[in-house]
Amino acid sequence: MSVLTLRDVGKKYRLRRETGMLTKELLLRLLRRHKAEEFWALKGITLDVEAGESLGIIGPNGSGKSTLLKLIAGVTSPTEGEISLRGRVSSLLELGAGFHPYLTGRENVYLNGAILGIRREQIDRNFDRIVDFSGIHRFIDTPVKDYSSGMYVRLAFSVAIHSDPDIFLVDEVLAVGDEQFQRKCRAKIRELSDSGKTIVFVSHDLNIVNELCDRVILLQGGEIAQKGSPEDTVDFYLQSLGAEEGMALLRSGSLEVIFNNGRIALFKDGRMLTRANGGYSSIGCRGMWYDSTSAEWSVDSHSGTELVATGTFTRVSISQTWRVTIDNPALLRWAVEVETKPGAEVSERMVSIMVSPEYTMWFTEGSGGEFPQIDVNDTQWIPVSSRDKQLRIMGVSTDHEKQSALPSLSIETLQRVANAGLHIFNTDYALNARVLQMLEVRADNEKQFGPSRELLVSAKITLGEPPQVVQERLREARRQRSIETGNLAALFAGGSTSLAWQGKEITKNLRVFSSIQVGDFWDDSVQGYWQADRVSETELQATGVMRRLPAVQRWILKRSEEGTIDWTILLEVKERLDAQEIDVSIMLVPEYDLWATSHETGAFPPITVETKEWTHLTKLFKAGHFVEARCSKANRYGLPPVRLSFSKPTVAAAVNTRHQEMARVIQVMQPYTRGAGIFEPGRYELFSGKIAVGKG
Amino acid sequence: MLFDDTRRFVADMIGHRELVRSLTAKEFKVRYKNAVLGFLWTILNPLLLMVVLTLVFRFFFQPRWEYTEKYPFPAFLLCGLIPWTFMAHSLSRCTSSLVDNAPLIQKVYFPREIIPLSSILANLLNLLLSLVVLFFFLFLMDQMPSVWILAVPLIVFAELVFVVGICLATSSLHVFYRDVAYIVEVALLVWWWGTPIFYPHQLVQNAPAVSPLLYRIYMANPMAAIVVAFRQILLERRFPDGDLVGTLFVVAFLSFFIGLAIFRKKQAVVADFV
């Protein structure tokens, strides 16, 4: 049953839209008759909307979208044709249009309700729900003139969304309030749509249209240029776009990249790989995030396969330049350069790509796995992989068994940006997407900086690699950061090195790491900002800027005799440092049950829920040469013994972790009595020793 | 067609009575929300005018008008000021009301007449409160009204119909011609002098230069008829003259029909122009 029918509807406007003066008009009438120019904002629109359907209306500015919505809302009447409507229409056209600043929130809820045609009893009934949704409990009896614009809009949206109409008209209002409220709105609209409400949706955000609508019509020049499934129509629209300001289409074979005002959408073989914002950037400045989608964009140059676009924020003096290039149908490059003017205090910067939830697998060069399902109750983004500053590659792929699988998508950062790490996320339910993100966090003293022009990202995006290639590339990337000797493989990953024996990891959690205690806090190597370089086939050097101390650690990992790796840690101190203790540790899987030092041996007791602190098992604080963990004869896991030995005699310990970590730790401890741990600026050798696995 | 429009208008207003009520309440509340004396202002306005005019006439002009000497001058003045204030305030507020509410009109559909109407109704509420004050005043001055006070609602109704008519016309015309509001302000000034508010209508009737025809035209001014009717009911304590009331109703409904016709003709495209 169709609830809304339009037959040959047309709307004509006089071009000379400014209103006249009666006195002037009368005088002019006496002198001559003039005729205003006319134009058709809409022409020949025929449309049926079925009950329960969500219809999207897209099109460039001035294509008649808003006029159409106004006609449906009955705000204005068509010049020709017929519109028939069954049921009550409610518009989320402009929120709070009927709000009066001097009335309280409560009074405005009733007033706005009356304007939207809601019966008083119905508002009474829904009042609590309206207030709950808006989250403005405390201020409901305050005049809305004292509200922040966010609160205002939240309350208005809340009234509108609870007006329970038969047909809902939504016009770009999803860009209201803060990020969290936007999510709530999208979720609510989705819920309404799922519960069988008829929704007519106008948006510039093609991805939201794509997501929320069953059917989409494309308006161009006041006429319906295309209608059909969201994917087809959006695709058609994007392809038909010229280099309109802020928009451009790049194409090479089966790959299409659409740049649309600070976001890029990727299509392969006509299928949309990205979701929501697609590829976009965000800049954190004084506690606010500025998304590239909110900047003013212009496409500076555009050929079929390359574009350069500049976006400028209106509220902060930050601009960015994007260069997107398609090399071939399986490879594109994306570089973002950010220019800041003095006064812009940038604390964080990131680029993200939101991709289809059809991607079920994620990978980085270090690891990989399956995405958890995105659940209806997910209101937050959930990290799938931890932020890793060492990674350069991350990607997604589908289960390759399926025929209709989307091509895999991987991003490789080409240029290292200090302090930047890669993350993979699941979004909330409303957005329903996977996110590949590179986030750069600046330390406090680096936030403020003068005019500068800095690269945020330069990345290569590869599409549709065959699985074995993906695997091979991952192996290769891994190899760059690993040292193998016999059955032992050590893989360096941002201040923590994992050890694997015959391909199976025996370390866990923080793995092989160092920590320095200064005052009350520990600074672990894993927290630093690391960069690793392969020096030769047998040697790996990594430099890490400590997170909290004015110092840099340099690790040298070298292949020694079979199953053994030489490990040296150099500490470069920049400012005087007074350390209480320096530890070098290896966290091992809990299957290890015996330990030994130069002076004593013992068993690791089981770690239970009761174990709430790290427990030192060694009793003698006597300098020795090694500490070791091994499995007893009876231990069915039969893991290889791990021995940490050191050239200078030092105190060593075997430790049980808390239940949360559930790990065995062997460590070298360097406690300093008062004043003994002072490091003046200079270079020091913190540790020099060997990690031997599978010996004896 | 005439009655079709009217039926539609009445049906719309009844169908949207909740909105009419809400917007009227809003108009009323908002107007005095930030004022210290609150809605007392609604009554103070004609009272202050009354005080000023009484002082001016007592001490400066000291006119010897037979009619005004029979009744207390302040009461005489209030009978004119109160219906006048209702009309004048309604007209000046309503004329720009559609344009003032442009955001609403462009976004949500409801019968557009509700906007000027709710503004008028808020003023009507003022009128009713002022009338209560007037009755109290008469009581103080020992001018106990007679049973003919029951005719007051009839005259108020006629005035309402008349005011709705002109307000519908000016508010819709103002959307298209933005000088209508200025024209209205000037017209109100002339109108004030052309209405027997601070002088008795007999002054015009008995003026040697005024022919009987001219006097008829003068009294066709509904505001003149209303003011005179008010005085006849409240001061002279009788039912107002039949032909006076008759003419008043004819002109009031004529105004209503014409105003509604103009509004109806324009309202479909109002949203495109506000």
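**Figure 1. Packing of helices α9 and α14 in chain B of the predicted model.** Helix α9 of chain B, residues 152-176, packs against helix α14 of chain B, residues 242-267, at an angle of about 30 degrees. The two axes lie 7 Å apart. Because angles under 35 degrees count as roughly parallel, α9(B) and α14(B) are described as roughly parallel to each other. The crossing in which α9(B) passes α14(B) is left-handed. Sorted by class, the contact of α9(B) with α14(B) comprises 21 nonpolar residues, five polar residues and one charged residue.

**Figure 2. Crossing of helices α1 and α14 in chain B.** Helix α14(B) also meets helix α1 of chain B, which spans residues 2-15. Here the axes come within 10 Å and cross at roughly 75 degrees. This angle makes α1(B) roughly perpendicular to α14(B). From α1(B), the contact is made by B:Leu2, B:Phe3, B:Asp5, B:Thr6, B:Arg8, B:Phe9 and B:Asp12. The residues contributed by α14(B) are B:Phe256, B:Phe257, B:Leu260, B:Ala261 and B:Arg264. By class, the contact of α1(B) with α14(B) holds seven nonpolar, one polar and four charged residues.

**Figure 3. Packing of helices α5 and α8 in chain B.** Helix α5 of chain B (residues 73-95) and helix α8 of chain B (residues 114-140) pack with their axes 9 Å apart, at an angle of about 170 degrees. Since angles over 145 degrees count as roughly antiparallel, that is the description given to α5(B) and α8(B). On α5(B), the contact involves B:Pro74, B:Ala75, B:Leu78, B:Cys79, B:Ile82, B:Pro83, B:Phe86, B:His89, B:Ser90, B:Arg93 and B:Cys94. Facing them in the contact are residues of α8(B), including B:Pro116, B:Ile120, B:Leu124, B:Leu127, B:Leu131, B:Leu134 and B:Phe137. The contact of α5(B) with α8(B) divides into 16 nonpolar, five polar and one charged residues.

**Figure 4. Chain B as the setting of these helix pairs.** Chain B has 15 helices and zero strands. Of its 274 residues, 56% count as buried. The accessible surface of chain B comes to about 12400 Å², and 70% of that area belongs to carbon and sulfur atoms. Among contacts in chain B between residues at least 6 apart in sequence, 83% join residues at least 24 apart.

**Figure 5. Surroundings of helix α3 in chain A.** Helix α3 of chain A, residues 105-115, is mostly covered, with nine of its 11 residues buried. The buried residues of α3(A) are A:Gly105, A:Asn108, A:Val109, A:Tyr110, A:Leu111, A:Asn112, A:Gly113, A:Ala114 and A:Ile115. Their cover includes elements of both chains: α4 (120-134) and α5 (149-161) of chain A, together with α2 (17-32) and α7 (102-107) of chain B. Just after α3(A), A:Gly117 adopts a positive phi of about 85 degrees.

**Figure 6. Environment of A:Thr67.** A:Thr67 is found in helix α2 of chain A, residues 65-73. Its relative accessibility is 11%, and A:Thr67 therefore counts as buried, the cut-off being under 20%. Leaving aside neighbours within four places in sequence, A:Thr67 is in contact with A:Lys11, A:Tyr13, A:Ala41 and A:Leu42. A:Gly222 is 155 residues away from A:Thr67 along the chain, yet the C-alpha atoms of the two are separated by 9.1 Å.

**Figure 7. Environment of A:Leu431.** A:Leu431 is found in the loop between β26 (420-426) and β27 (434-441) of chain A. At 6% relative accessibility, this loop residue counts as buried. Not counting residues up to four places away in sequence, A:Leu431 touches A:Arg186, A:Glu211, A:Ala276, A:Met354 and A:Trp381. A:Leu431 and A:Ser356 are 75 residues apart in sequence and 10.0 Å apart in space, C-alpha to C-alpha.

**Figure 8. Chain A as the setting of the preceding three views.** The secondary structure of chain A comes to nine helices and 47 strands. Of the 696 residues of chain A, 55% count as buried. Its accessible surface comes to about 30100 Å², of which 48% belongs to carbon and sulfur atoms. Among contacts in chain A between residues at least 6 apart in sequence, 67% join residues at least 24 apart.

Methods
Residues are numbered from 1 along each chain as its sequence is written. Chains are lettered from A and ligands numbered from 1 in the order in which they are written. This is a predicted model: local features need pLDDT of at least 70, side-chain atom pairs count only at pLDDT 80 or more; totals for chains, interfaces and linings use all residues. Side-chain values use heavy atoms; hydrogens and water are left out. Axes are lines fitted to C-alpha atoms, for helices over the stretch in contact, and angles run from 0 to 180 degrees between N-to-C directions. Helices (H or I, at least four residues) and strands (E, at least two) are DSSP runs, numbered from the N terminus. Angles under 35 degrees count as roughly parallel, over 145 as roughly antiparallel, 65 to 115 as roughly perpendicular and the rest as oblique. A crossing is left-handed if the near helix is turned anticlockwise from the far one by less than a right angle, and right-handed if clockwise. Ala, Val, Leu, Ile, Met, Phe, Trp, Tyr, Cys and Pro count as nonpolar, Asp, Glu, Lys and Arg as charged, and the others, Gly among them, as polar. Buried means under 20% relative accessible area, exposed over 50%, partly exposed in between (1.4 Å probe, protein chains only). Contact means heavy atoms within 4.5 Å. Accessible areas come from the Shrake-Rupley method with a 1.4 Å probe; for residues, only the protein chains shown count as cover.
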